[in-house]
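User: I would like to go through a protein chain step by step. Please reason briefly and end each answer on what I asked for.

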Amino acid sequence: MKRFKVLTIIPTLNAADTLSEQLSLLTQMSDVLVIDSASEDNTVEIANSFGVEVVQIKRADFNHATTRNIALNYDVDFYLFMTQDALPYDDKLVENLLRPFDDKEVVVSYARQVPFEDADEIEKFARMTNYPEYSVVKSKESLPKLGIKTFFCSNSCAMYRASYFKEAGGFTEGLIMNEDMEFAARAMLDGRKVAYSADAKVWHSHTYTTKDLFQRYFDIGVFFKTNGWILDEVNKYSSTESTGVQQAKAELRYLARKSLWTIPKSVFFSVTKYVAYKCGYYYDKLPKNLVKIFSLHKNFHS
């Protein structure tokens, strides 16, 4: 395989618990840039100990899209964006993410996320459905079959062709979140492709509290409200709400086989997601102080 120059970009905030393990493998596979938002632990010291470049920004200046666009200042072949809580599964991560780029129309390749061993069944189901064992290459022609999942992508671990990333202007500045989905949608509507690479794997899963879940889905609602063109495109083929209902039903069927006692939690979480999303979608009709309570990314509403 041709030797490409890959830069891994990791935004960090108090990442000391995971950064050493993450960098121990990543530094063997690529150059690494850590963009730190004024961590109060020894995140920066750990990054320095691995000899990686560190850019420090004010915490208030962090934005999912704008911060990652610092990568545009670096001349490489591919950008690999990762979050601080995604750990490489093995030393083949970069190699496997690169493989789909043999197709010149592929501009993004994102990895399979394997849940940590202590993840609950709800989180395992989410990883299994969003990150199956088989790879797929998506384009705008996938919309009738996949609906909103056509544009799904995840910067927990996703590689971008640098030449196209620069041509497209990077991520759209100032997004509240979902900069990866917004970029994927723009790219596919521009005739490009996005690859899901099941052989490229990272350990990644969450343990959400009700508050975490509400704030996350509130901000997802805000994202779709402020980027309505994405839903307009998807709704030509299928209803995004029906996709959510189907996912919730599939989760209940899975839990009925795997973990009956988790079903009440699943129902409660599904209701929480729906209410939070709706509140976020109509955030502009809510009092500003309430919006800031509901939102995880409060700086967006300043």
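The questions below move from the whole chain to single residues of this predicted model.

User: How many helices and strands are there in the chain?
Analyst: The model is predicted, and the count is for the chain as a whole. The chain has 13 helices and nine strands.

User: What radius of gyration does the chain have, set against a compact globule?
Analyst: The chain has 302 residues, and a compact globule with that number would have a radius of gyration near 19 Å. Along its principal axes, the C-alpha trace spans about 45 × 45 × 40 Å. The value for the chain agrees with the globule: 19 Å.

User: What share of the residues of the chain count as buried?
Analyst: Buried means under 20% relative accessible area. The chain exposes about 14,400 Å², with carbon and sulfur atoms supplying 52% of that area. Of the 302 residues, the share that counts as buried is 49%.

User: What part of the contacts with a separation of 6 or more comes from residues 24 or more positions apart?
Analyst: The contacts considered here are those in the chain with a separation of 6 or more. Residues 24 or more positions apart account for a share of 76%.

User: How far apart do the centres of the positive and negative side chains lie?
Analyst: The chain has 37 positive side chains and 39 negative ones. Each set has a centre, and the distance between the two centres is 6 Å.

User: Is Glu251 buried or exposed?
Analyst: Glu251 is part of helix α11, which covers residues 240-258. Its relative accessible area is 6%. The cut-off for buried is under 20%, so Glu251, at 6%, is buried.

User: Which residue has a side chain that makes a polar contact of 2.5 Å with the side chain of Glu251?
Analyst: Leaving out residues up to four places away in sequence, Glu251 touches Ile122, Phe125, Ser266 and Ser270. One of these, Ser266, lies in helix α12 (residues 263-281) and is buried with a relative accessible area of 0%. Ser266 in turn touches Ile122, Glu251, Leu252 and Leu255, with the same sequence neighbours left out. The side chain in polar contact with Glu251 at 2.5 Å is that of Ser266.

User: What distance separates the C-alpha atoms of Glu251 and Glu121?
Analyst: Glu251 and Glu121 are 130 residues apart along the chain. In space, their C-alpha atoms are separated by 9.4 Å.

User: With which side chain does the side chain of Ser30 make a polar contact?
Analyst: Ser30 lies in the loop between α1 and β2 (31-36), and at 10% relative accessibility it counts as buried. Aside from neighbours within four places in sequence, Ser30 is in contact with Val6 and Thr8. The polar contact, at 2.6 Å, is with the side chain of Thr8.

User: Where does Asn14 lie, and is Asn14 buried or partly exposed?
Analyst: Phi of Asn14 is near 50°, a positive value in a residue other than glycine. Asn14 lies in the loop between β1 (6-12) and α1 (16-29). With a relative accessible area of 32%, Asn14 is partly exposed.

User: What is the relative accessible area of Asn178?
Analyst: Asn178 is found in the loop between α7 (162-167) and α8 (179-189). Phi of Asn178 is near 60°, a positive value in a residue other than glycine. Asn178 is buried, and its relative accessible area is 15%.

Conventions:
Residues numbered from 1 in each chain as written. Predicted model: local features only at pLDDT ≥ 70, side-chain atom pairs only at ≥ 80, totals over all residues. Heavy atoms only, no water. Helix = DSSP H or I, 4+ residues; strand = E, 2+ residues; numbered from the N terminus. Buried < 20%, exposed > 50% of the residue type's maximum accessible area, 1.4 Å probe, protein only. Contact = heavy atoms within 4.5 Å. Polar contact = N/O pair within 3.5 Å; in protein donor to acceptor, adjacent residues only side chain to side chain. Rg over C-alpha atoms; globule rule 2.2 N^0.38 Å. Areas by Shrake-Rupley, 256 points an atom, 1.4 Å probe, with all protein chains shown as cover. Lys, Arg positive; Asp, Glu negative; His and termini not counted. Charge placed at Lys NZ, Arg CZ, Asp CG, Glu CD.
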